[in-house]
Amino acid sequence: MWKKRHSIENGSILARSSSSSSSVSVSGDSEEEDTGFLEVTVTDMRHPPPELGPMPEGLSPQQVVRRHILGSIVQSEGSYVDSLRRILQDYRNPLMEMEPKVLSARKCQVVFFRLKEILQCHSMFQIALFSRVAEWDATEKIGDLFVASFSKSMVLDVYSDYVNNFTSAMSLIKKACLTKPAFLEFLKKRQMSSPDRVTLYGLMVKPIQRFPQFILLLQDMLKNTPKGHPERLSLQLALTELETLAEKLNEQKRVADQVAEIQQLTKSISDRSSLNKLLNSGQRQLLLCETLTETVYGDRGQLIKSKERKVFLLNDMLVCANINFKPVNTRGQLEISSLVPLGPKYVVKWNTALPQVQVVEVGQENSTYDKDNIVIQNAGAKKHVPTSQSSHNKVYLGPPRLFQELQDLQKDLAVVEQITQLISTLHGTYQNLNMTVAQDWCLALQRMMRVKEEEIHSANKCRLRLLLPGKPDKSGRPISFMVVFITPNPLSKISWVNRLHLAKLGLRDENQPGWLCPDEDKKTKAPFWCPILACRMSAFSSKALDLQLGAVVHNPVQSSLLGFSAVSTSLPQGYLWVGGGQEGAGGQVEIFSLNRSVPRTVKSFPVASQVLCMEYIPEKSGEEQEQEKTEDSRATAEQASALHPTICLGLQDGSIMVYGSVDTGTQCLLTCKSPGRQPVLCLKHSPDYLFAGLQNGIVAAYARTSGGLWDLEAKPTCLQVGTGPVRVLLTLDDTLWASCANQVTVLDAASLKAQDTFEAHPDKEASVTHMIKAGSGVWMAFSSGSSIRLFHTETLEHLQEINIATRTTFVLPGQKNVRVTSLLICQGLLWVGTDQGIIVLLPVPRLEGIPKITGKGMVSLNGHCGPVEFLAMAVSTLAPDILKSDKEEEGGEAVCGDEEKPEGRCPELAAQDSHLGREMRKKGILLQYRLRSTSHLPGQLLSVREAPAAAGAGTLEHTEEDGSIYEMADDPDVWVRSRQCARDTHRKEISSLAIISGGRGYRSFNANSKGTACSETDSTLLIWQVPLTL
């Protein structure tokens, strides 16, 4: 449950600013202030707790579960209201009445700000909840009560004020504990006298946790409410309201925490320093801050010292500070920290401009900086290496020692190869000196080199190495120093590298600013999580032809060859297929590799006609493949090809073409013509069919063969859904939605029978051009007009309509004739592309609720010169191996002694080792030269053979390659910390996301930009990156 709540609390959405300031100022010592809220008397009289009547007979299992969930809602709400009353009755009221006062009335007002109004809201909700419990068995309704109670602006206002004031309240309590012993004693006595021993802090944090708890309970209720039940829509709307409220509160809390962290940092800096002025300018956003361990290594890789630092990543600088807790005394610290969190005090160690910060991975130093013109110093070392000796006395910072050892192994291999050539010239035959032994030495050294490469890869996982600029030396040469941080886990390392990369991109001119946020305060400052324009490029490599964009798909492919930081900064792994062409002429397909920060073309090929649509079909899951094997055990070439993902193309001349992925050679596996050679306007697939929407109002359904591919040779099933073109298809669970003119037909995806037809727009000339699903709703765009409309997926009700033109006028005033040309939903944002080249972002809920638009959103200041032809999402999940720490085991692998094996090697190396083993067994060579009398000698045993299984867990017998495999454990001080973080880190997924838009040219809508005019007419792709989803 905590994980779910944590993910909800850390979600981000644009919240409108509250009417009240986050810092509360109250004139005089007045007990109350004019809040503008209705005064509702909250009596101490407790209503009898509601009770469900006896359980009626004949209830379904789901009805029984829903009754239990209702009981949980009532119980948790009762507990929450009691906690609010305890804060007021046990803490606020006594403090207000106490003589002499230990806390002034004004400070009490700050500490307990808005708690009385929150209690009023929930007392009224609790009364209404009681009546619903009494009539539950007759109505089974509760969703509308949540909507009515928590959709009011009053609820958002009081909770916003409370959340924004929470940090100030805790700071005031902490200060009072340190300076007023009577107040500290009061808190201790109240805690000890309470039955559950919950502190004041524990009680006051409950309002921040309340809405995530509601969301979890309603999710359970919705999960156990069957489709067709009249309560489902109400529950989904309730989830929408609560998630929207929670998102806004979380965003405001995040901003308040960011301000508090920057204020805490500012307090530790001299008022006259330039850094203090920068932090007080109001232009700094805190992107990431975390406690990291800085480590300093000696010239032999030994750990010299380590200390915890607080590292702050701002939007344009990086700050490192010492952490100092300075309570009155040690005993006081322990007592106070148990009652209220003690905030640290910082002492700034260094700060540097972000563009000058470089992430340097172990073994990648040569390509990162100019070694001839830069002197590298070891941060924390008392004396640095003179320039004349820097090349001879290289400083190895812990893990870089491994890279030096790898180079030593490479040199040794060259020597052994020379020895091998000399041995081949021997005339005699010797048992322990022959070509077999010499070749085994070479193979053993190669194996040790591979192990060392794996250790270097593991060493990168929890080590953040930053190259920072220093002051030039006496000769004027620039001095750079290396800082090495140990992150708590690999996720933290990935997050830091990713945020550093995106923050640098955010400093480019096109991202200053990149988005316009039209809110009440007329501010233009975009939130920290907004997408960053990473690059723009031509969609087609051929400049001779005027090619129009048609469609785009992303083929995700995991690459095991990418380095650790490359994974953190590159676009989502895989390939981007872009299709287009000339109307009435040939078509073109361009394939880009995304395994880097800037895409590159890997293949381009022509097709017979213009590409109108594409569909990516992933490979079948393991369960589906096993099921098919049991049904049909015959293995065919077709089955083998079907195991890989495929890309389907729909062409203007009616062709449907199926291609294999880039990794399988991009072969054209199948091709056919649509019925009547009608242009293929859209393609969608289900587990059983490939659907094609045609120009003449027909949906052609091609069945999947036993081998897994589509049977394009057989006559497809033709479904007539209208007389006009079928512009868009959408697969929803077990149904298919097909649009024709202004109507949408819902088909059963298995039986292909029509279930329903509804009118999506009152204007018959407004054809449905786009449909996109999120939660329990579908957003639609139309061929005319500037509105988009939302429909419920279950009842088909029209729920909301939004006019996009009201958003685009912030960028192009006076332009009211706007048409929506593309739609996309991802990560709680609805992307809307228009015919003017403007892209609008609108916030929508992420859960199972209704994706209603709940804010003004943002408008991109980067767009196209013509219509946004498409918006697409490229997403990939990083391989689980990336998340393993440097010493984390995968399952029950054998270990030697108390040491752990490093992670498993990549498949290529494992396959090579396996091949070597097979070659040795095939030749039947027994390596007899390993003599037991040499086991006591220093050095490593050269043998390519795998170590035999240990006779027992505690055996001390020396086996092959013990030294090389476990060399990382030589220095326990260095490696124990990482081993600890491995146990604490759970297997998680990291999602990398990019958004691609396509259109004519590039245009900046920033009024301050120099190049606002459209000078480009080529088809252009714009690619935005968002922070990794951890």
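**View 1. The loop that holds P100, and a second cis proline.** P100 sits in the loop that links helix α2 (61-97) to helix α3 (105-111), here in a predicted model. The peptide bond leading from E99 into P100 is cis, and its omega lies near -10 degrees. A cis peptide bond also joins Q512 and P513, where omega is about -10 degrees, and P513 belongs to the loop between α16 and β9 (515-516). As background to these two sites, most residues other than glycine have a negative phi, and most peptide bonds are trans.

**View 2. The open sheet β10-β39-β37-β36, with helix α16 lying across two of its strands.** Four strands make up this open sheet, in the order β10-β39-β37-β36, and their pairing is antiparallel. Because β10 (532-538) and β36 (868-877) stand at the edges and have a single partner strand each, one side of each is left without a neighbour in the sheet. Neighbouring strands of the sheet are turned against each other by 20 degrees on average, with direction ignored. Within the sheet, strand β37 (residues 991-1000) pairs with strand β39 (residues 1019-1025) in the antiparallel sense, and seven bridges connect them; G999 has T1020, in β39, as its bridge partner. Helix α16 (residues 490-506) lies across β10 and β39, and runs at about 70 degrees to β10.

**View 3. The surroundings of S492 in helix α16.** S492 is a residue of helix α16, and its relative accessible area is 5%, so S492 counts as buried, the cut-off for that class being under 20%. Leaving aside residues up to four places away in sequence, S492 touches E290, L292 and T487.

**View 4. Helix α11, its span and its burial.** Helix α11 (residues 231-267) has 37 residues, which at 1.5 Å a residue should span 54 Å, and the distance of 53 Å between its end C-alpha atoms agrees with this expectation. Of the 37 residues of α11, 29 are buried, so the helix is largely enclosed by the rest of the structure.

**View 5. The nonpolar cores, with M204 and its contacts.** The largest nonpolar core has 68 residues, among which F146, M204 and F211 touch the most other members. Helix α7 (residues 153-179) contributes the largest share of this core, namely 13 residues. When residues up to four places away in sequence are not counted, M204 touches I87, V111, L115, Y162, F166, M170 and I173. A second core, separate from this one, has 26 residues, including L516, L823, I853 and L861.

**View 6. The open sheet β23-β24-β25-β26 and the loop residue D733.** The four strands of this open sheet follow the order β23-β24-β25-β26, and their pairing is antiparallel. Its edge strands are β23 (726-732) and β26 (754-759), each of which pairs on one side only, and neighbouring strands are turned by 20 degrees against each other on average, direction ignored. Strand β23 runs antiparallel to strand β24 (residues 735-740), to which five bridges join it, and L732 stands opposite T735 in β24. The loop between β23 and β24 contains D733, which is not a glycine and yet has a positive phi of about 50 degrees. With a relative accessible area of 67%, D733 is exposed.

**View 7. The hairpin of β19 and β20, and the loop residue Q827.** Strands β19 and β20 form a hairpin that has three residues between them. Strand β19 (residues 680-685) and strand β20 (residues 689-694) run antiparallel and are joined by five bridges, with K684 opposite F691 in β20. Elsewhere, Q827 is found in the loop between β31 (820-826) and β32 (829-834); its phi is near 50 degrees, a positive value in a residue other than glycine. The relative accessibility of Q827 is 32%, so Q827 counts as partly exposed.

**View 8. The whole protein, as context for the close-ups.** The protein contains 23 helices and 39 strands, and buried residues make up 52% of its 1030 residues. Among contacts between residues at least 6 apart in sequence, 68% join residues at least 24 apart. The protein exposes about 47,200 Å², of which carbon and sulfur atoms supply 51%.

Terms used. Residues numbered from 1 in each chain as written. Predicted model: local features only at pLDDT ≥ 70, side-chain atom pairs only at ≥ 80, totals over all residues. Heavy atoms only, no water. Pairing = 2+ DSSP bridges. Axes fitted to C-alpha atoms, helices over the stretch in contact; angles between N-to-C directions. Contact = heavy atoms within 4.5 Å. Expected span 1.5 Å × (residues − 1). Buried < 20%, exposed > 50% of the residue type's maximum accessible area, 1.4 Å probe, protein only. Core = buried A, V, L, I, M, F, W, Y, C linked by side-chain atoms within 4.5 Å. Areas by Shrake-Rupley, 256 points an atom, 1.4 Å probe, with all protein chains shown as cover.
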